[in-house]
Amino acid sequence: MMAAIRAGLLGQKVLLIEKGSSLGRKLCLSGKGRGNLTNIGDINTFLENFNPTGQFLRNAFSHFFNQELMAFFEQAGLTLKTERQGRVFPRSERAQDILRVLEQYLAKVKVEIIYNRSVREILLKGKRVAAVKLDDGRILAATGVILATGGGSFPQTGSSGDGQQIAEKLGHRVIPLRAALVPLLTQEKWVKDLAGLTLKNVRICLLVNDRRKFSQIGELLFTHFGVSGPVVLSLSGDIVDLLRSKEAVEFSIDFKPGLSPELLKRRLERELQGRLILKNLLKSFLPHSLISVFIALTKIRPDKKVNQLTQAERKQLLGLMKDFRLGISGFLPLKQAMVTRGGISAKEIDPRTMQSKLIKGLYFAGEIIDVDGKTGGYNLQAAFSTGYLAGENAAKNQG
Ligand SMILES: Cc1cc2nc3c(=O)[nH]c(=O)nc-3n(C[C@H](O)[C@H](O)[C@H](O)COP(=O)(O)OP(=O)(O)OC[C@H]3O[C@@H](n4cnc5c(N)ncnc54)[C@H](O)[C@@H]3O)c2cc1C
């Protein structure tokens, strides 16, 4: 949509071909329907929030970035607000309103839209784009084509990897599509008893083959099958690749990151002088629903008087509070991921124009490209920035 708007604004005749019966279905799901369309971070912060190929986006961000995007929407009357961690949303908290503005712009610059038809093939004349072929057999002549068919996740929204296949047929290298921003499965089946529990301000440490690789304080959400939440989702793309290469992945959870092991030990020892039973003592250390799982793992009787706990049992409690292990055994499939890792190799796209380095007149924009970001508005900004650049250059190259 952004590519079509930019090309239309520059006076080009633009046809937008949409496979579904409406535009922006994934956009409308974004940010849990609230539409986290960008982030107020600077370019370097943005690039840090992408996988290593994200450096490819520097030119697109330099050309049309978050301030320009926000102005684009605010000039059309959409009021925005910034939430924690710099996330930008419409003040209405309705992603639908972002779509409404885009549709208004499309109409204003007279972009023609065909719905319920998918592009099957791009036809070439030598090494130059000549036409697109639709699923009903129609061939539409075009001197420039922007492929913005999205990734491979949430195929019910229309993005099912078509564009990657079309480009592959033209000789483009496609990095295999994998899930990123995806909930993870744990070896521990008892997690289902904790489904819905969110642990706030815990330290989540990623261990690969028992070596600490990364740690961050944040939220951990238990699900029926494993874990999710912002920190888990952000790490998930890398974890998917680690699991695919058969590495052993674990999380070590520190329930009390604000207390050093010594301080926690002293606090626990003080409480252990009392006459409470174990399950009641733990109420001042852990969320209620976690206590029975926690005690079951220690194999100590829940009604044991805390002043009767042995040294080994005390050590075990302390150890579990600071280093609670969860074995990561898998991940939900690509179709349930928020973002796709992989896609058209960024090495074959000119970052200054989004034009294919192999075929003249062919451009790429959005999640079809092998770049993926973390949660926080980074992916939509990447789609808007690359779309803007592709639309602008496709229009300019038409003369
Ligand atoms: C649940 C969920 C929540 C998300 N939340 C956020 C968020 O809050 N912030 C954020 O930055 N990102 C978020 N994302 C990611 C973000 O929505 C995507 O990165 C973004 O929509 C990608 O835009 P795109 O235009 O490249 O592709 P898409 O939005 O997937 O659009 C591709 C379009 O191409 C059409 N199409 C596909 N194949 C064909 C074909 N052959 N012919 C014609 N048309 C075709 C599709 O029907 C679709 O309309 C979220 C994703 C999901 C799934």
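**Close-ups of the ligand and helix α13**

**View 1. Helix α13 has the span its residue count calls for.** With 19 residues at 1.5 Å a residue, α13 should span 27 Å, and its end C-alpha atoms are indeed 27 Å apart, so the two agree. Keep in mind that this is a predicted model. Buried here means under 20% relative accessible area. By that cut-off, 17 of the 19 residues of α13 are buried, so the helix is largely enclosed by the rest of the structure.

**View 2. Two helices help wrap the ligand.** Here we look at α2 (25-29) and α13 (378-396), each of which supplies at least two residues of the shell around the ligand. The top contributor is α13, which gives 4 residues.

**View 3. Who sits around the ligand?** There are 29 residues around the ligand, and the ones that come nearest are E18, G31, D162, E367 and L380. Sorted by class, the shell is a mix: 12 polar, 10 nonpolar and 7 charged residues.

**View 4. Oxygen atoms of the ligand meet polar atoms of the protein.** Start with R25, which has a polar side-chain atom 3.1 Å from an oxygen atom of the ligand. Over at S159, an N or O atom in the side chain is 3.3 Å from an oxygen atom of the ligand. N379 takes part through its backbone instead: a polar atom there lies 3.3 Å from an oxygen atom of the ligand. As for cover, the ligand on its own has 1000 Å² of accessible area, and the protein covers 90% of that.

Note on methods: Residues numbered from 1 in each chain as written. Predicted model: local features only at pLDDT ≥ 70, side-chain atom pairs only at ≥ 80, totals over all residues. Heavy atoms only, no water. Near = heavy atom within 4 Å. Polar contact = N/O pair within 3.5 Å; in protein donor to acceptor, adjacent residues only side chain to side chain. Areas by Shrake-Rupley, 256 points an atom, 1.4 Å probe, with all protein chains shown as cover. Nonpolar A, V, L, I, M, F, W, Y, C, P; charged D, E, K, R; others polar. Expected span 1.5 Å × (residues − 1). Buried < 20%, exposed > 50% of the residue type's maximum accessible area, 1.4 Å probe, protein only.
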